[in-house]
Amino acid sequence: MNRPSKLHGWTEHARNEFADILGQSPSDQQMRALLRLWQKHNQQAFLNRQGRWQVKVVYKHKQQSHNLWLVAGKQNGKWLLWTVFEVE
Amino acid sequence: MVKRIDEHEEYIVSRLIDYYLLGWEPHPFFSPFDLRWVPLTPTSLRTDVEQAITNLRQTRLAPFLEKAGLLTELSALPEDMFRERILRLRCYLAEPDEPSEELLNKLRLIANLSRLLSESLREGLSPLELKRALRPLRKSLAVITPELHTLLYSLAEHLSLIGENSPEELNALERETRYRCWEWLGRLHAYWYALLG
């Protein structure tokens with residue numbers, strides 16, 4: 001399975017998970033920032049045990065910084081940001 | 001007169017306390033795929049623990065019962081207080097010295113997490129209910145037991161698949177969550193026994 005170099009969007013679930021991490025609902029701009037991080041770091045992505053591509057990135061916004069794992073999955077033929085998580 | 005107690009009896013008391021605090025009794029033929037296995041209900045064990053402690057009152061362990069606050073009417077103690085005192089006794093059984101607050105904090109947290117995961121398996125909590133219940137404990141784990149970072153990773157990785165709008169297939173997610181609970185319990189209990197013997 002080829003590693004996606006670019007994601008076409010995100011699942012509603014990924015947005016909810018990101019909201020949990022940030023403590024507030026992310027804007028579309030913030031979600032797009034995650035897609036750009038994927039584009040920048042996808043070469044380091046690996047296949048996780050669910051058969052999805054996963055990579056670790058640093059997300060910075062204003063004074064905040066988060067070490068995030070981005071997970072990409074395919075839905076209806078398109079690669080999407082499937083979920084996102086942070087290890088405390 | 002001090003009644004004699006042998007090592008085997010002490011071992012049995014330690015195990016009973018562990019089962020009570022962790023909400024878990026390893027099945028002799030334990031397998032995560034054995035559906036006959038049922039996690040314990042801690043409340044049903046309390047009477048057994050009280051009886052075992054009462055039997056120790058005339059033994060060499062009496063001073064430790066006193067230090068743990070267990071030379072009293074045990075059935076009258078509220079659950080949290082009883083659990084706290086039993087935990088202290090369990091520490092004395094592992095090492096006859098005052099346990100550090102750091103050790104007690106680790107053990108309290110492991111016990112709380114173990115009871116929650118056992119309850120989830122026993123009561124059949126939904127993945128979403130489990131995720132919500134785990135949230136404060138995950139934050140505590142990061143602070144109190146940073147050495148369990150790989151467990152934190154496993155929790156974060158799996159729980160990131162659970163949500164009201166999760167695109168995962170629900171039955172598969174429930175099944176996987178159940179297997180993960182077994183795995184997390186195994187890791188927590190290995191840590192508990194590494195600390196206490």
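In this predicted model, confidence within chain A is lowest in strand β4 (residues 64-75), at a mean pLDDT of 95, and highest in strand β1 (residues 9-10), at 98. Chain A as a whole averages a pLDDT of 95, and 100% of its residues score at least 70.

Helix α2 of chain A is a good place to start looking. This helix runs over residues 28-41 and so counts 14 residues. From the first C-alpha to the last, α2 reaches 20 Å, close to the 20 Å expected at 1.5 Å a residue. Three names stand for its buried residues: A:Leu34, A:Leu37 and A:Trp38. Seen down the axis of α2(A), these buried residues fall within an arc of 100°, so they line one face of the helix. What do the buried residues of α2(A) pack against? Their partners are β3 (53-61), β4 and β5 of chain A. The face turned away from the buried side has another character: it carries the exposed residues A:Asp28, A:Gln29, A:Arg36, A:Gln39 and A:Lys40.

Attention can now turn to the contact between the chains. Chain A gives 13 residues to this contact, and chain B gives 14 residues. On the side of chain A that touches chain B, the elements that give two or more residues are α1 (12-22) and β5 (78-85) of chain A. Sorted by class, that side of chain A has four nonpolar, five polar and four charged residues. Strand β5 of chain A thus appears in both parts of the picture: the buried residues of α2(A) pack against β5, and β5 gives two or more residues to the side that touches chain B.

Terms used. Residues numbered from 1 in each chain as written. Chains lettered and ligands numbered in written order. Predicted model: local features only at pLDDT ≥ 70, side-chain atom pairs only at ≥ 80, totals over all residues. pLDDT = per-residue confidence, 0-100. Helix = DSSP H or I, 4+ residues; strand = E, 2+ residues; numbered from the N terminus. Contact = placed C-beta atoms within 7 Å. Nonpolar A, V, L, I, M, F, W, Y, C, P; charged D, E, K, R; others polar. Expected span 1.5 Å × (residues − 1). Buried ≥ 20, exposed ≤ 12 C-beta atoms within 10 Å, placed from the backbone. Arc of directions from axis to C-beta.
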